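Reader: Please take one part of this structure and look at it closely. Then work outward from it, and give reasons where there are any.

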Amino acid sequence: MRLSRFRSLVAVAVPLAVIAAVGAVSVTGAAAAAGCRVSYSVGSQWPGGFTGNVTVTNLGDPLSGWTLTWSFSAGQQVTQAWNATVSQSGTQVTARNAGWNGNLATNASTSFGFNGSWNNSNNPTPSSFSLNGTVCTGGVTPTSAPPTSTPPTSPPPTSAPPTSPPPTGGANSMGFIGCSMAENVAQGYVAVGGRRMWGPYGTGGLVVQSWTNPNSSAWQRFDQQAARFGRPTAVWVQICIFAQSGATYEEVKRLIANARQHAAPGATIYISGQPLYPQGNVCQLSGSGGPELTDRLAKQAAADSSQNVRYPGVFTLRNSEVADGCHANTAGQQALGRQAVGYWG
């Protein structure tokens, strides 16, 4: 959950996203390649503030540390960040890996988020990004020359082989909605070998109010995943809140109804709250008692026969598995992922 403390929240999700492919460079004498893909989106926006989500995919040689830079063009200022150390000097923003996500294998991704301020008039997407000094300009440069001739290929078959729809419970047959806390679960789920549920897809900052409108940009993002994998036969609804906005049971019921609308007919709906922490740990973003509230709402929905949803159980984190008082570190993500595998395979 990329959440923030603020007194007034207007959870207006802004469909603002850019994907930049970072060009590759060859290092003389080492034949190394550098390249990446960056996805930037504004998850939610309100008067004076917004939540930004960034996903970095390393397309080049493995990295043991990374620094991502970009510039804001309309006076935006980063005020808080998670899963990365983010600083700003003038318009220039620098994000460095946290202690647990610096290693990026080829084609591996990591995500971080931030809260920022804006001028209430214009909040444009940064025009370019650089990863470890390489500007985002194109694809990865091959490290060897292309063959002088094209190898022979066999003609396509005269008829396509028969196909059958994926079985219920197959790979990527289960979607999810939530915030960055749900992303933490998805990251860990993929890391420990889970296959049924989608991986993370940029839901940081998308609290309950982001999902109550079935036509919101949050659901548009969900539908993009559904177009990629097929409408899911199961959906996990995670109830995520900001401290000041909270959530009501009526809002939760709208989330459930919208999940049914966007999933395959007859889809199974699971519902749970945010992860619970040990006594004494307070996530400032959701507030004291916030995670417990989300768990109670999930249990209320499961007990309501009119909703026909399943409560799989509570997700938990130890103090050693929490990175910033709220979000899971690498060990915490894997712990959440193992819990998810135990709940729905």
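Author: In this predicted model, His327 has a relative accessible area of 0% and therefore counts as buried, the limit being under 20%. The residue sits in the loop between helix 5 and helix 6. Its side chain makes a polar contact of 2.9 Å with the side chain of Ser180.

The loop that holds His327 also holds Cys326, one end of a disulfide whose other end is Cys283. The sulfur atoms of Cys283 and Cys326 are 2.0 Å apart, which meets the definition because the pair has to lie within 2.5 Å. The angle about the S-S bond is 105°, a right-handed link. This disulfide connects distant parts of the chain: Cys283 belongs to the loop between strand 15 (268–272) and helix 5 (290–303), Cys326 to the loop between helix 5 and helix 6 (330–344), and 43 residues separate them. Cys283 is buried because its relative accessibility is 1%, and Cys326 is buried because its value is 3%.

A search of the whole structure finds two disulfides. Besides the link of Cys283 and Cys326, there is one between Cys179 and Cys240, with an S to S distance of 2.3 Å. Here the angle about the S-S bond is -75°, and the link is left-handed. Cys179 is placed in the loop between strand 13 (174–177) and helix 1 (180–191), and Cys240 in the loop between strand 14 (234–238) and helix 4 (249–262), so this disulfide ties together parts that are 61 residues apart in sequence. Cys179 has a relative accessible area of 0% and so is buried; Cys240, at 1%, counts as buried as well. With the bonded cysteines of the protein chain numbered in sequence order, the pairing reads 1-2, 3-4. Another buried cysteine is Cys36, with a relative accessible area of 0%.

Helix 4, which follows the loop of Cys240, can be checked for its length. Its 14 residues should span 20 Å at 1.5 Å a residue, and since the end C-alpha atoms are 20 Å apart, the two figures agree. Its buried residues are Tyr249, Glu251, Val252, Leu255, Ile256, Asn258, Ala259 and His262. The elements that cover these buried residues include strand 13, helix 2 (208–211), helix 3 (217–229), strand 14, strand 15 and helix 5.

Helix 4 also carries a salt bridge: the side chains of Glu250 and Lys253 meet there, 3.1 Å from N to O. The two residues are three apart, about one turn of the helix. Glu250 has a relative accessible area of 47% and therefore counts as partly exposed. Lys253 is partly exposed too, because its value is 24%.

Side chains of opposite charge can pair when their charged atoms come close. The structure has three salt bridges by the rule used, which asks for a side-chain nitrogen of Lys or Arg within 4 Å of a carboxyl oxygen of Asp or Glu. One of them lies in helix 5 and joins Asp295 to Lys299, with the closest N and O atoms 3.2 Å apart. Since Asp295 and Lys299 are four residues apart in that helix, about one helical turn separates them. Asp295 is buried, with a relative accessible area of 7%, whereas Lys299 is partly exposed at 43%. Another salt bridge brings together the side chains of Glu321 and Arg318, at 3.1 Å from N to O. Glu321 is buried because its relative accessibility is 7%, whereas Arg318 is exposed at 56%.

Helix 3, one of the elements that cover the buried residues of helix 4, leads to the aromatic side chains. The structure holds 23 aromatic pairs. One of these is formed by Trp219 and Phe222, with 5.0 Å from centre to centre and 70° between the planes. The pair is edge-to-face because its angle is over 60 degrees. Trp219 and Phe222 are three residues apart in helix 3, so they are separated by about one helical turn. Both residues are buried. They belong to a cluster linked by ring pairs, whose other members are Phe176, Trp198, Tyr201, Trp211, Phe229, Trp236, Tyr270, Phe315, Tyr343 and Trp344.

Conventions: Residues are numbered from 1 along each chain as its sequence is written. This is a predicted model: local features need pLDDT of at least 70, side-chain atom pairs count only at pLDDT 80 or more; totals for chains, interfaces and linings use all residues. Side-chain values use heavy atoms; hydrogens and water are left out. Buried means under 20% relative accessible area, exposed over 50%, partly exposed in between (1.4 Å probe, protein chains only). The expected span of a helix is 1.5 Å times one less than its number of residues. Contact means heavy atoms within 4.5 Å. Rings of Phe, Tyr and Trp (its six-membered ring) pair if their centres lie within 6.5 Å; planes under 30 degrees apart count as stacked, over 60 as edge-to-face and the rest as tilted. A polar contact is a pair of N or O atoms within 3.5 Å; within protein, one must be able to donate a hydrogen and the other to accept it, and residues adjacent in sequence count only if both atoms are side-chain atoms.
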